[in-house]
Protein chains: 2
Amino acid sequence: MRLSDMLTQYIMDMLESEGNAEIRRNELADRFGCVPSQINYVLTSRFTPEQGYIVESRRGGGGYIRITRIRADKSTTLMHIINSVGESLDNITAQIMINNLKSASIINDEAARLMLSALSDRTLSGVAPSMRDRVRASIFKNMLIAII
Amino acid sequence: MRLSDMLTQYIMDMLESEGNAEIRRNELADRFGCVPSQINYVLTSRFTPEQGYIVESRRGGGGYIRITRIRADKSTTLMHIINSVGESLDNITAQIMINNLKSASIINDEAARLMLSALSDRTLSGVAPSMRDRVRASIFKNMLIAII
DNA sequence: ACATCTTTGGTCAGTAAAAGTCAAAGTCAG
DNA sequence: CTGACTTTGACTTTTACTGACCAAAGATGT
């Protein structure tokens, strides 16, 4: 296994268990028997903002490198939508919302199709018309909650 | 026997026994005493998506080429399940079916969670109990149809 | 306060280790 | 003979790793 993969793993594990990872560059390099700049390589290649991470650091005595995961958009956006949907939801509105989520790359094409299909009037034809929009709201919100 | 046929055989055998084949291009070329690009030729001529394979690779130190066989039976399996579900479907059965689809890698984790959530009793609590299992069957079948 | 270490981390360019591309040359069935 | 398939190798691109040198922040002595 590659050095960079092992370092990545190490940091990911730390993030997993602690929520954020704070390391000392030299110490880590020492433990893995590599040059300190290797740490920077791993950080710039695998923990970029595009990949959802923030890296902060400080030099001098007591210096550190802190890596934090940003779960930003997805959960925030989903929560926002869940809160905006009340007790009732019509099919057209649901379609618009789902397409918006897809355009924003928060859900993929398959998820979008699953949702659209689950919420369509045809699928819900067995539900009493008076309850249909309420059931649709329930299904939609619960599906979103499931993928937060 | 042709070089490309021997290489094809080698990779197929690997797929057969391991499920997927991960190779190092130079190493393999070396073993067969040919130029590395011969491997690429074999991959592009015999392991294309049309022929049911996915080829992933990575350059640089520690690079690799991974060949995986695509399961062509996705739609077949889905159709089978759709046909096996009648007018009514209870929650437990739905959960089992969804987990089976996931274990068989026919749907991913996100799709599984979406479905499980959409079909749960809690989500469908607004549907009259007498209709609930019928609505569940409808949603389930329509979701599966959407991803065929 | 200030100047001067000392202790960190940062940058960058160079080297090496893969895999990818493409076109020319070779082979072979029809 | 011809056209499609194979094989080769020179050149390209991407990724990994290292080391020398740089920059910043704390520590210390005056």
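Me: Hi! For DNA strand D, what share of the atoms within 4 Å of the protein belongs to sugar or phosphate?
Reply: Hello! In this predicted model, sugar or phosphate accounts for 66% of the atoms of DNA strand D that lie within 4 Å of the protein, and bases make up the rest.

Me: Nice. Which residues come closest to strand D?
Reply: There are 26 residues around DNA strand D, and the closest are S4(A), Y41(A), R58(A), S4(B) and Y41(B).

Me: What does R58(A) touch with its side chain?
Reply: An N or O atom in the side chain of R58(A) is 2.5 Å from a phosphate oxygen of DNA strand D. On chain B, L3(B) uses its backbone: an N or O atom there sits 3.0 Å from a phosphate oxygen of DNA strand D.

Me: And the bases? What does S37(A) lie 2.7 Å from?
Reply: That would be a base oxygen of DNA strand D, with a polar side-chain atom of S37(A) on the protein side.

Me: Which helices supply the surface there?
Reply: α1 (3–18) and α3 of chain A, along with α1 (3–18) and α3 of chain B, each give at least two residues to the surface near DNA strand D. By class, that surface has eight nonpolar, 10 polar and eight charged residues.

Me: OK, over to strand C. How many residues are around it, and which come nearest?
Reply: DNA strand C has 28 residues around it, with R25(A), N40(A), R24(B), S57(B) and R59(B) coming nearest.

Me: Backbone or side chain for R25(A)?
Reply: Backbone: an N or O atom of R25(A) lies 2.8 Å from a phosphate oxygen of DNA strand C.

Me: Any side chains you'd point me to as well?
Reply: Try S57(A), where a side-chain N or O atom is 2.9 Å from a phosphate oxygen of DNA strand C. For N40(B), a side-chain N or O atom is 2.8 Å from a phosphate oxygen of that strand.

Me: Which elements build the surface near strand C?
Reply: In chain A they are α2 (25–31), α3 (36–46), β2 (53–58) and β3 (64–69), and in chain B α2 (25–31), α3 (36–46), β2 (53–58) and β3 (64–69); each supplies at least two residues. The surface near DNA strand C has four nonpolar, 16 polar and eight charged residues.

Me: Changing topic: how is chain A divided into domains?
Reply: Chain A has domain 1 (3–69) and domain 2 (74–147).

Me: How far apart are their centres?
Reply: The C-alpha centres of domain 1 and domain 2 of chain A are 39 Å apart.

Definitions and conventions. Residues are numbered from 1 along each chain as its sequence is written. Chains are lettered from A and ligands numbered from 1 in the order in which they are written. This is a predicted model: local features need pLDDT of at least 70, side-chain atom pairs count only at pLDDT 80 or more; totals for chains, interfaces and linings use all residues. Side-chain values use heavy atoms; hydrogens and water are left out. A residue is near a molecule or strand if one of its heavy atoms lies within 4 Å of it. A polar contact is a pair of N or O atoms within 3.5 Å; within protein, one must be able to donate a hydrogen and the other to accept it, and residues adjacent in sequence count only if both atoms are side-chain atoms. Helices (H or I, at least four residues) and strands (E, at least two) are DSSP runs, numbered from the N terminus. Ala, Val, Leu, Ile, Met, Phe, Trp, Tyr, Cys and Pro count as nonpolar, Asp, Glu, Lys and Arg as charged, and the others, Gly among them, as polar. Domain bounds come from an automatic or database domain assignment.
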